Amino acid sequence: MNGNTFRLPARRCATAAAATVLAAGPVTLASAGSAHATADHGRASASVLRTGLDVSLLNKTVNVPLAVSLNEVQAPRSAEQTALTARLDGVNGGKPFSVLRADVAKSAATTSATKAEGTVTLAHARIHVPGLPLLSLIEVDQVTSRATCEAGKPPAATSNVLGAVTVLGKKVTLTPGGTTAVQVPGVGEVRLDLSHRETTSRTAAATALQLKVSVNPLKLNVAEVEGTLTLARTTCESPTPAEQPSTPSTPPAPDTKPQAAPVAKQDLAETGGSSLTPYLAGGSAVLLAAGGGAVAFARRRRGRG
């Protein structure tokens with residue numbers, strides 16, 4: 001009984017210690033591989049129209065900067081615009097002046113953890129400048145531009161001008177990667193650069209059309225326009241990949257070499273012993289001791305008798 005009295009607390013301590021180790025084990029594994037993942041979603045922008053023109057009125061006595069942008073969007077946050085007209089005040093006798101009109105004028109900039117992209121679509125567009133209220137500076141059927149930057153991939157930039165292009169009333173054929181000059185006597189000159197693209201290891205930019213404008217209708221100095229005009233401009237910058245969570249260290253592989261069994265256990269195994277053998281042996285020893293005590297007690301009683 002005494003042996004059981006002392007062994008029970010020891011077993012309870014061992015059980016409690018094992019339970020503590022098992023409970024602490026998952027916590028240790030969970031914290032070993034955790035890491036805050038941070039990612040830069042990159043950048044993207046898109047604009048249907050941007051102007052940097054100087055308008056001189058009344059023989060250059062009045063100068064009005066013609067700085068107009070249509071559907072210009074930027075992201076990290078995704079954005080989209082679809083306005084169809086861009087207007088300028090103060091150059092048409094106090095009345096709004098329409099710089100661009102289009103059937104479709106859409107720009108979008110989107111970003112995510114894996115891709116940043118800017119896109120522009122322009123269709124059936126007509127651009128006017130002061131001094132030429134009836135004659136379009138340029139007319140285009142369709143213009144598209146796209147800049148795509150995907151994480152882990154080379155950035156890509158594309159732009160297209162599809163269909164007919166008319167400049168100052170003249171139909172022109174544009175040369176990709178080159179400059180086309182259009183001169184109209186008594187009106188002015190327009191120089192066009194088609195499909196300009198730039199890429200680096202992480203960025204891309206595409207411009208469908210860029211115009212350098214010099215217009216002075218009939219040399220009357222009523223409205224002289226100088227500067228640049230950009231159609232369908234897109235840019236992007238690749239996202240930065242998120243930091244990968246740290247991998248917990250792999251515990252050493254257990255030793256699989258066979259271990260020599262103790263002699264006593266080996267002998268017991270050979271004679272048919274099992275894991276209960278030590279308890280059976282202990283019980284036998286107790287019974288033998290009890291039997292010996294009973295024999296000795298009987299002998300003493302006989303001697304007294």
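## A guided tour of the predicted model

Start by colouring by pLDDT, the predictor's confidence in each residue on a scale from 0 to 100: the protein's mean is 75, and 63% of its residues reach 70 or more. Select residues 1–38, where pLDDT is below 50 and the model has 14 contacts (heavy atoms within 4.5 Å) beyond near neighbours in sequence. Then select residues 263–271, another stretch with pLDDT under 50, which has three contacts beyond four places in sequence.

This is a predicted model, in which local features need pLDDT of at least 70 and side-chain atom pairs count only at pLDDT 80 or more, while totals for chains, interfaces and linings use all residues. Residues are numbered from 1 along each chain as its sequence is written, and side-chain values use heavy atoms, with hydrogens and water left out.

**The whole chain.** Switch to cartoon view to find three helices and 15 strands; these are DSSP runs numbered from the N terminus, H or I of at least four residues for helices and E of at least two for strands. Among contacts with a separation of 6 or more, 59% link residues 24 or more positions apart. Now show the surface: about 19,100 Å² is exposed, with carbon and sulfur atoms supplying 57% of it, by the Shrake-Rupley method with a 1.4 Å probe.

**Strands β13 to β15.** Select residues 188–199 (β13) and 203–215 (β14), an antiparallel pair with 11 bridges; strands pair if DSSP finds at least two bridges between them. A hairpin of three residues joins β13 to β14. Zoom in on Leu192, and you will see Leu211 of β14 opposite. Next add β15, residues 223–237, which pairs with β14 in the antiparallel sense over 12 bridges. Here Ala204 has Cys236 of β15 as its bridge partner.

**The nonpolar core.** Of the 305 residues, 32% count as buried, meaning under 20% relative accessible area (exposed is over 50%, partly exposed in between; 1.4 Å probe, protein chains only). A nonpolar core is a set of buried Ala, Val, Leu, Ile, Met, Phe, Trp, Tyr and Cys residues joined through side-chain atoms within 4.5 Å. The largest one has 61 residues, and Leu49, Leu137 and Leu209 have the most contacts inside it. Centre on Leu137: leaving out residues up to four places away in sequence, its contacts include Ile127, Val167, Val190, Leu211 and Leu229.

**Last stop, Ser56.** Select Ser56 in strand β1, residues 43–57. Ser56 counts as buried because its relative accessibility is 11%. Beyond four places in sequence, Ser56 is in contact with Val62, Asn63, Val222, Ala223 and Glu224.
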